[in-house]
Amino acid sequence: MKLIEQIKESGGWLNRYQHESQTCQCTMTFSVYLPPAAATQKVPTVYWLSGLTCTDDNARTKAGAQRYAAELGIALVFPDTSPRGDAVPDEPDRYDLGKGAGFYVNATEAPWSTHYQMYDYVTSELPALVEANLPLLPGIKSISGHSMGGHGAIICALKEDGAYRSVSAFAPICHPSIAPWGEGCFSTYLGDDRQTWSAYDATELVKSGSALIPVLIDQGTDDEFLAEQLFPQDLQAAYEARGGNITLRMRPGYDHSYHFIASFIGEHLAYHAKALKN
């Protein structure tokens, strides 16, 4: 880990790092907010997965999460959304594929499979790295995210049974196998066999019997992507069919932006802090 930026914020430190990722086979950048409590003790962690076109920089500058994390005594880890670098495949004319659009899957199709291993990066390599080098409580972590990152957060919590104390999401892509964004990325990264897509689709994971973890979702009613891309009602139905605990809060008038996230991020972090400190 190479520290490339350090900013004092809300009594703690917002740090930015780079490292050579063995999983993604490129240089990866990520940010970590360490609350004031981390100066004297190890603290629990919330991982935030960002959405399409984002880097680690979007949430840390727009969500307003750090002041809540400082009060709650939790660290925040902001990974990037995809591998980066000149050698990494990309579709520069498309915002919804390639760099900035890793979709938190392990790609199996060439040429993407060499670098686009974001699921393993987020669930394995990055947690091991930060827990070994920063004052974070080993294994005491929760996960959240927005849009594509909300999809990523939920599938990580469903697939990694017991690895996360809690999960939440803002406007997540809940059924990517039938969403244009998901279909475009899944067919490119995973191939044309839709059965393989189900391993990275929250709704299909729940339908197929994955271990259930309570999930909190906030969704704006004026979100321009709600009807054609997100399908929270599908995940809700799948959870309820199995007697699972899902809280879907439809927020009147809110859109898909970070203005929406900033309005409720404090509630989400409090939700995670309760689970992390239980």
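A cavity, as the word is used here, is a set of grid points where a 1.4 Å probe fits but cannot get out, whereas a pocket is an open set. This report describes a predicted model, and with that definition in hand it turns to the spaces inside the structure and then to the residues packed around them.

**Open and closed spaces**

A search of the whole structure finds 1 cavity of 30 Å³ or more, and the largest cavity has a volume of about 50 Å³. The elements that give two or more residues to the lining of this cavity are strand E4 (43-49), strand E5 (75-78) and helix H10 (258-276). Its lining is made up of Val46, Trp48, Ala59, Ala63, Ala65, Leu76, Phe78, Ile265 and Leu269, and by class these are 9 nonpolar residues, with no polar and no charged ones.

The largest pocket, for its part, has a volume of about 180 Å³. It is lined by 13 residues, of which Leu52, Thr53, Cys54, His146 and His256 are the closest to its centre. The table sets out the two linings by class.

| Space | Volume | Nonpolar lining residues | Polar lining residues | Charged lining residues |
|---|---|---|---|---|
| Largest pocket | about 180 Å³ | 6 | 6 | 1 |
| Largest cavity | about 50 Å³ | 9 | no polar | no charged |

**Strand E5 and its partners**

Strand E5, which helps to line the largest cavity, is joined by 3 bridges to strand E3 (residues 26-34), and these two strands run antiparallel. In this pairing Tyr33 has Leu76 of E5 as its bridge partner, and Leu76 is also one of the residues that line the largest cavity. Another 3 bridges join E4 to E5, but here the strands run parallel, and the bridge partner of Thr45 in E5 is Ala75.

Which residues of E5 lie on each side of the strand, and are they buried or exposed? Ala75 and Val77 are on one side, while Leu76 and Phe78 are on the other, and all of them are buried, so that both faces of E5 are covered. In a regular strand the side chains alternate between the two faces of the sheet.

**The nonpolar core**

The largest nonpolar core has 90 residues, and the members that touch the most others are Phe103, Ile143, Ile154, Tyr189 and Leu235. Helix H10 supplies the largest share of this core, with 8 residues. Ile154 can serve as an example: leaving aside its neighbours within four places in sequence, Ile154 is in contact with Val167, Ala169, Pro172, Ala202, Val215, Ile217 and Leu235.

Methods:
Residues numbered from 1 in each chain as written. Predicted model: local features only at pLDDT ≥ 70, side-chain atom pairs only at ≥ 80, totals over all residues. Heavy atoms only, no water. 1 Å grid on protein atoms, 1.4 Å probe; cavity = no way out; pocket = protein on both sides within 12 Å on 5 of 7 lines; lining within 4 Å. Points joined across faces, edges and corners; volume = space filled by probe spheres on them. Nonpolar A, V, L, I, M, F, W, Y, C, P; charged D, E, K, R; others polar. Helix = DSSP H or I, 4+ residues; strand = E, 2+ residues; numbered from the N terminus. Buried < 20%, exposed > 50% of the residue type's maximum accessible area, 1.4 Å probe, protein only. Pairing = 2+ DSSP bridges. Core = buried A, V, L, I, M, F, W, Y, C linked by side-chain atoms within 4.5 Å. Contact = heavy atoms within 4.5 Å.
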